[in-house]
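Let's work through some of the labels people put on structures. For each one, we'll ask what earns it.

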Amino acid sequence: MNIGKQFKEGLLTQNPVLVQVLGMCSTLAITTSFFNGLGMGVAVTIILTLSNVIISAIRKIVPDKIRIAMFIVVIAGFVTMVDLLLQAFVPALSESLGVFIPLIVVNCIILGRAEAFSYKNGIVASFFDGIFQGIGYTLVLLAMCIIREFLGKGSFGGGLLNGGAGIQIFPADYGVGMLTLPVGGFLTLACLIALMQWALSKNKK
């Protein structure tokens, strides 16, 4: 187990969004405010880490033929718990994220790491894999939220600061309103992926 290597992979060389291109649905849909991005990132990190640990712990007693079904059952259990906790303690976030919390059950990032890593590695390594992959995912969400919210509406911290309205840095009329629309999510993500690929290729050279 190499924690440094896992950390680098989660944030850079195997970033779940910018390199593996997983979890696109939630990434594009909820990155309109800082509050949404932070909430989804933390939720996915918690579920990913706990799922990795449990799947790694029981991997030797689960037949290979039913491993995918086992992955979904484990993930669905943690998603249900996180969803109920959000409804109870952070109802505004639960309402804002809506159906995208239950859809974490089939999030490609979590299923992908279960299949590619935790089903083949020990509990400690799987724990750190979940943490670092979750951090990498969260950082991309926050970057997209900041870019789209700041350039699109001229504000920062929507849903979290200043009573939920965010801090208005410049008038919204001067913002690029297109960035707050779905097409803005695609454009922002495309630019971030291109930047990451350029940085990785330059590093290799």
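Q: What makes Asp-64 and Arg-67 a salt bridge?
A: A salt bridge needs a side-chain nitrogen of Lys or Arg within 4 Å of a carboxyl oxygen of Asp or Glu. The closest N and O atoms of Asp-64 and Arg-67 are 3.4 Å apart, so the pair fits that rule. Before we go on: this is a predicted model, where local features need pLDDT of at least 70 and side-chain atom pairs count only at pLDDT 80 or more, while totals for chains, interfaces and linings use all residues. Residues are numbered from 1 along each chain as its sequence is written, and side-chain values use heavy atoms, with hydrogens and water left out.

Q: How many salt bridges does the rule give?
A: The count comes to three. Besides the pair you've just met, Arg-67 meets Glu-115 at 3.0 Å, N to O, and Arg-113 meets Asp-129 at 2.7 Å, N to O.

Q: Which residues are linked in a network of salt bridges?
A: Asp-64, Arg-67 and Glu-115 are. Arg-67 has a salt bridge with Asp-64 and another salt bridge with Glu-115.

Q: Why does the pair of Arg-67 and Glu-115 tie together parts of the chain?
A: Arg-67 lies in helix H4 and Glu-115 in helix H6, so the pair joins parts that are 48 residues apart in sequence. Helices here are DSSP runs (H or I, at least four residues) and strands are too (E, at least two), numbered from the N terminus.

Q: Why is Glu-115 called partly exposed?
A: Buried means under 20% relative accessible area, exposed means over 50%, and partly exposed is in between (1.4 Å probe, protein chains only). Glu-115 has 26%, so partly exposed is the label. Asp-64 gets that label too, at 46%.

Q: Are Arg-113 and Asp-129 buried or exposed?
A: Arg-113 is buried, and so is Asp-129. Their salt bridge links helix H6, which holds Arg-113, to helix H7, which holds Asp-129, and the two residues are 16 apart in sequence.

Q: How do you know that H6 and H7 meet?
A: Look for contact, meaning heavy atoms within 4.5 Å. Ile-109, Arg-113, Phe-117 and Ser-118 in H6 meet Ala-125, Ser-126, Asp-129, Gln-133 and Tyr-137 in H7.

Q: At roughly what angle do the axes of H6 and H7 cross?
A: They cross at roughly 145 degrees and come within 11 Å. Axes are lines fitted to C-alpha atoms, for helices over the stretch in contact, and angles run from 0 to 180 degrees between N-to-C directions.

Q: Why is the pair of Phe-71 and Tyr-119 called edge-to-face?
A: Rings of Phe, Tyr and Trp (its six-membered ring) pair if their centres lie within 6.5 Å; planes under 30 degrees apart count as stacked, over 60 as edge-to-face and the rest as tilted. The centres of Phe-71 and Tyr-119 are 5.5 Å apart and their planes are at 75 degrees, so edge-to-face it is. Phe-71 sits in helix H4, and Tyr-119 in the loop between helix H6 and helix H7.

Q: What makes Phe-71 and Tyr-119 count as buried?
A: Phe-71 has 0% relative accessibility, so it's buried. Tyr-119, with a relative accessible area of 14%, is buried as well.

Q: Why is the pair of Phe-34 and Phe-156 called tilted?
A: Their ring centres are 5.3 Å apart and their planes are at 50 degrees, so the pair is tilted. Phe-34 belongs to helix H3 and Phe-156 to strand E1, so the pair ties together parts that are 122 residues apart in sequence. Phe-34 counts as buried at 15%, whereas Phe-156 is partly exposed at 29%.

Q: How many aromatic pairs does the structure hold?
A: Six. Ring pairs also link Phe-7, Phe-127, Phe-128 and Phe-132 into a cluster.

Q: What makes Val-21 worth a look?
A: Most residues other than glycine have a negative phi. Val-21 isn't a glycine, yet has a positive phi of about 55 degrees. You'll find Val-21 in the loop between helix H1 and helix H2.
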